[in-house]
Each structure stands twice: as C-alpha cells, then as structure tokens.
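Good morning, and thank you for making time for this presentation. I would ask you to keep the sequence and the structure in view while I speak.

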Amino acid sequence: MFQRILVANRGEIALRIFRACRELGVETVAVYSEADRGAAYLQLADEAYCIGSAKPSESYLRIDRIISAAEIGNVQAIHPGYGFLAENAHFADVCRSCNIEFIGPTTESMRLLGDKNSARQIAKKVGVPVVPGSEGLIRDEAEAVRIAHQIGFPVLIKASAGGGGRGMRLALNDLALKSAFQQAQAEAEAAFGSGEVYIEKYIEHPRHVEVQILADQHGNVVHLWERDCTIQRRHQKLIEESPSPVLRPQVRQAICEAAVRLAKAAGYTNAGTVEFLVDKNQNFYFIEVNARIQVEHPVTEMITGMDLIKAQIRIAAGEPLPFQQEQIQARGAAIECRINAEDPKRNFRPSPGKIEHLIVPGGFGVRFDSHVHAGYTVPPHYDSMIGKLIVHQPTRQEAIACMRRALQELRIEGIPTTIPLHQEILAHTAFMSGDVDTTFVERTWPAEA
Ligand code: MV4
C-alpha cells in the first residue's frame with residue numbers, strides 16, 4: 001500500500017479522499033489555491049501546499065505545480081478526484097513518468113475512451129448497443145446528409161473530443177444539418193483542438209442510466225449496478241439514485257453486463273462509469289465512459305456497502321479486487337441530492353458567499369458529504385456544488401420520505417441554495433412514480449425570460 005498520496009483537488013471530494021486515506025492508514029498531502037487558503041477541510045490532510053491563485057488555470061490545472069508539490073511532499077501516488085485533471089491523459093502520463101502512480105486508468109485506456117468515436121467503435125465490436133448512426137467519423141456535409149437519410153431525422157452531431165453534453169448539435173432536416181455540421185466541426189476544433197465529429201440518431205425523451213464498474217490490474221472487472229441520473233438540468237445532474245426506478249430486472253442485468261464487456265475490451269482499470277441512454281421501451285444505448293470517480297459515487301456505496309475511494313486506492317496500489325461479481329449485492333434504495341450554491345429563483349445563478357448558519361441532518365440512513373461549515377465562505381471561482389445529501393433506506397418510497405425529512409432538517413443560511421428545488425422535485429408526482437425523462441426539470445421549472 002502507498003505510504004502517502006497527494007490529492008489534486010479541492011472541496012468535498014478532497015475531503016472524501018482524505019477520509020478514505022485516514023482509514024487506510026495512508027498519509028495525505030493537500031494542494032490549495034489562494035481562494036481555498038485556510039479552509040477547514042485542509043486541516044484533515046497531513047500537509048498542504050499552496051499551488052497558485054484562485055483561477056483553476058493558475059492552480060488546480062497546473063500540472064507543473066502539482067508535480068512539484070508531489071515531489072516536495074514525497075508521495076507515491078496522486079488522486080485526481082473529479083473535474084480538473086481527472087480525465088487528462090497527459091497528466092496521468094506525466095505522473096507516471098515521474099514515478100508517481102496516477103490513481104485512475106492507464107493512459108492508453110483514457111485516450112481510447114476519451115475519444116467518443118473510438119469508445120463507440122469498441123462498444124460495437126463487443127456487442128454493446130450504440131445509438132444508430134455513422135460508421136465512424138464524418139468527413140463532409142454530403143456524408144452527413146447521406147447518413148441522416150439512412151437513420152432518419154432528428155439526428156445529433158457529436159464532437160469526438162466532446163462529452164457530457166459539450167459539442168453536440170441537433171438537426172431536424174437537410175438544410176439545418178448542413179449548417180449544423182459546419183458549426184459543430186468549427187466549434188469542436190476551437191473548443192477541443194479536434195474538429196472530428198460523428199452522427200447519431202436523436203433519442204427522444206431518454207433516461208440517463210450509468211453503470212459503476214471496478215477493474216483491478218489483474219484482469220478482474222465487476223459492476224456495482226446502475227445509477228439513474230435522469231433528474232438533471234442543462235447537463236448538470238441534480239438528483240441521482242440507485243436502483244433505477246424503471247429498469248426491468250432483465251434489462252438491468254443486460255446493461256450491467258454490457259458495461260463490464262466494454263470495460264474489458266478497453267483494458268480499463270480502476271473505477272469508471274459507463275453511461276447509457278434508455279428509451280421508453282427500455283432499449284439501452286451506450287453513449288460514453290467517464291474514466292474517473294464521479295460526484296454521485298456515494299449512491300452506489302450505500303446500496304453495495306463498498307467504499308469506492310478505498311477501492312480505487314487499493315487497485316492503484318496493485319491489490320486484486322477482494323470480491324467477485326456474485327458477492328456484490330444491491331440492498332435497498334439510495335438517493336443523492338446535490339446541494340448547490342445557486343439561486344433557483346434567479347435562473348440558478350451562482351450564489352457564492354458566507355454561510356452564516358448551518359444545521360446538518362442526521363439520523364437513520366442519512367449521510368452528508370461536504371466540506372462546508374457555519375462561517376465558511378463559498379468562493380466564486382469554482383463549481384457551485386457545496387455538498388451532497390445522501391439517504392439509504394429499504395425501499396425507494398422510504399428513501400424519498402427520508403430525503404424529504406433530511407432536506408427539512410438541512411439549514412443553510414446566508415446564501416440561497418438548491419434545497420427548495422429538491423423539496424419540490426421530491427414532492428412531484430412524476431418523480432415519485434418514476435415517470436420522468438432528462439427534460440423533466442426544464443419542462444416543469446422553465447427558466448424565466
Ligand atoms: C444523446 C441524446 C439523445 N440522442 N444522444 C448529453 C450528455 C452526453 N453524455 C450525451 N447526451 C445526450 N446524448 C442521442 N443520440 C440526449 C442527450 C442528452 C442527455 C443525456 C443524458 C442526460 C441528460 C441529457 C440532456 C440532454 C441531452
């Protein structure tokens with residue numbers, strides 16, 4: 001096992017990783033920007049180094065400074081958390097060239113899966129269903145039109161280097177497709193340095209279902225069941241849950257097995273997520289792989305009883321998975337609400353500032369993962385998520401009741417948050433019955449003009 005690791009991240013996920021390390025007997029080195037200087041969570045690391053100013057490009061994204069901190073701190077590994085450098089294959093490469101283990105997949109599988117077209121090709125090869133679309137990359141307008149006629153409109157043009165909803169364009173007819181193709185290419189070139197695009201049929205009213213996988217360095221790959229992340233707004237997830245409230249048992253088994261096949265084919269190691277769209281007939285289609293730990297990992301931890309951060313660290317240290325697929329049982333239902341410093345009454349405008357009062361809920365089946373406390377000032381420079389409220393109960397109905405109770409107990413005063421929106425969603429009949437798709441939040445709570 002590693003003696004000491006550096007956490008190349010901030011906020012709640014940095015704290016989550018410090019906690020896992022403490023339990024494993026692994027020492028931790030924190031890095032922080034000037035905006036995070038003095039934050040209480042940093043005291044839970046064994047050492048902390050300032051790596052620059054508030055701007056991410058001058059601190060949490062500075063590979064040179066993070067590697068310097070790792071050298072000075074004398075660590076054997078770096079955990080990247082999520083966001084920032086977590087899916088940067090170049091960073092993983094630099095870490096390993098410096099003889100520091102990157103706690104994540106190999107550089108090669110990060111590159112293979114980071115390219116959405118190449119991930120799609122691997123999926124096809126091993127019989128994982130993908131959305132009907134182009135054979136591979138699209139060269140010109142004429143080819144785009146030809147494929148759109150084969151599969152039928154509407155179609156989505158997707159940037160191969162995109163992902164998470166970035167670099168996508170919808171086209172409803174020939175004329176729109178021609179300009180969408182040009183725009184998508186130009187935008188992808190500007191945003192990602194690669195203008196490569198491909199085409200998929202547009203799946204209407206999908207659900208978003210993702211499968212958690214763990215893979216060790218000895219060829220063992222397991223899934224830890226699915227998470228349903230259909231409740232989102234503008235590609236930002238708001239609520240995640242497991243199990244999915246809709247999947248029939250056979251479909252659930254098939255989607256989880258498909259995720260394992262894909263991970264094996266890509267030579268994947270460590271923790272990862274395979275994302276799917278599920279249509280109204282429960283056909284599922286692979287869309288992309290997230291080669292990192294995700295925000296919503298606690299939902300899976302609650303239903304399986306497995307600590308995913310500890311698993312990541314053990315896998316990176318070369319340990320074999322201590323369990324087989326059959327031993328991973330899903331128990332009960334878990335739900336997570338992301339608590340964001342955003343004002344739902346003002347179009348979700350970020351609301352950084354000082355938390356004057358805070359009451360954290362507790363009781364049976366309640367977990368609050370957050371680095372904030374009364375007197376903490378949410379800095380304006382980063383993602384607005386300030387915590388995650390997670391509940392675990394025997395049934396979904398009980399989990400919903402528990403979450404509503406925990407949200408009532410949770411008091412954050414001083415800044416507006418997404419707590420009131422969560423209360424409305426959890427009380428909505430469509431949410432309770434599971435009758436939602438990825439447009440539910442935007443349709444039910446439309447943005448004001
Ligand atoms: C799609 C789609 C419909 N059809 N692909 C958005 C995020 C990225 N992971 C893929 N996304 C989508 N791809 C086809 N062929 C609809 C979405 C999509 C979406 C997917 C999951 C969760 C929320 C979403 C919101 C809007 C669009």
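Let me begin with a term: a residue is called buried when its relative accessible area is under 20%. Please also bear in mind that this is a predicted model.

With that cut-off, consider strand S6, which spans residues 155–163. Eight of its nine residues are buried, and the strand is mostly covered. Which strands pair with S6? One of them is strand S7, residues 166–171, which runs antiparallel to S6 and is joined to it by five bridges. Within that pairing, Lys-158 faces Met-168 of S7. The two strands make a hairpin with two residues between them, and in the turn Gly-164 adopts a positive phi of about 60°. S6 also pairs with strand S8, residues 197–201, again in the antiparallel sense and through five bridges. There, Ile-157 has Ile-199 of S8 as its bridge partner.

Just ahead of S6 there is a backbone feature to record. Pro-154 sits in the loop between helix H6, residues 141–151, and S6. The peptide bond leading from Phe-153 into Pro-154 is cis, with omega near -5°.

I turn now to the ligand. How many residues surround the ligand? There are 18, and the closest are Lys-158, Glu-200, Lys-201, Ile-203 and Glu-288. Three side chains deserve attention for their polar distances. An N or O atom in the side chain of Lys-158 lies 2.9 Å from a nitrogen atom of the ligand. For the side chain of Glu-200, the distance from an N or O atom to a ligand nitrogen is likewise 2.9 Å. For the side chain of Glu-288, the corresponding value is 3.1 Å. Taken on its own, the ligand has 530 Å² of accessible area, of which the protein covers 91%. Four elements each give two or more residues to the surrounding shell: S6, S8, strand S12 (270–278) and strand S13 (284–290).

By residue class, the shell consists of seven nonpolar, six polar and five charged residues. Why can the ligand be said to lie between two domains? Domain 2, residues 132–201, and domain 3, residues 207–444, both give residues to the shell, and the ligand therefore lies between them.

Between S8 and strand S9, residues 207–215, there is a loop that holds His-205. This residue has a positive phi of about 50°, although it is not a glycine. As a point of orientation, the C-alpha atom of His-205 is 31 Å from that of Pro-416, and the two residues are 211 apart along the chain. Pro-416 itself belongs to the loop between strand S22 (411–413) and helix H12 (419–426). Its relative accessibility is 34%, so Pro-416 counts as partly exposed.

The next region is centred on strand S11, residues 236–242. Is S11 enclosed or open? Six of its seven residues are buried, so S11 is largely enclosed by the rest of the structure. Strand S10, residues 221–233, runs antiparallel to S11 and is joined to it by four bridges. In this pair, Asp-228 stands opposite Glu-241 of S11. S10 and S11 form a hairpin with two residues between them. Arg-234, in the turn, is a residue other than glycine with a positive phi near 50°. Arg-234 is exposed, because its relative accessible area is 52% and the cut-off for that class is over 50%.

S11 is also joined to strand S14, residues 333–340, by four bridges, and these two strands run antiparallel. Here Ile-239 has Cys-337 of S14 as its bridge partner. At the end of S11, a cis peptide bond links Ser-242 to Pro-243, with omega of about -5°. Pro-243 lies in the loop that leads from S11 to helix H8, residues 249–265.

Finally, helix H10, residues 308–316, is mostly covered, with eight of its nine residues buried. Among the buried residues are Leu-308, Lys-310, Gln-312 and Ile-315. At the start of the helix, a side-chain oxygen of Asp-307 comes to within 3.1 Å of the backbone nitrogen of Ile-309. Just after H10, Gly-318 has a positive phi of about 95°.

That concludes my presentation, and I would welcome your questions.

Definitions and conventions. Residues are numbered from 1 along each chain as its sequence is written. This is a predicted model: local features need pLDDT of at least 70, side-chain atom pairs count only at pLDDT 80 or more; totals for chains, interfaces and linings use all residues. Side-chain values use heavy atoms; hydrogens and water are left out. Buried means under 20% relative accessible area, exposed over 50%, partly exposed in between (1.4 Å probe, protein chains only). Two strands pair if DSSP finds at least two bridges between them. A residue is near a molecule or strand if one of its heavy atoms lies within 4 Å of it. A polar contact is a pair of N or O atoms within 3.5 Å; within protein, one must be able to donate a hydrogen and the other to accept it, and residues adjacent in sequence count only if both atoms are side-chain atoms. Accessible areas come from the Shrake-Rupley method with a 1.4 Å probe; for residues, only the protein chains shown count as cover. Ala, Val, Leu, Ile, Met, Phe, Trp, Tyr, Cys and Pro count as nonpolar, Asp, Glu, Lys and Arg as charged, and the others, Gly among them, as polar. Domain bounds come from an automatic or database domain assignment.
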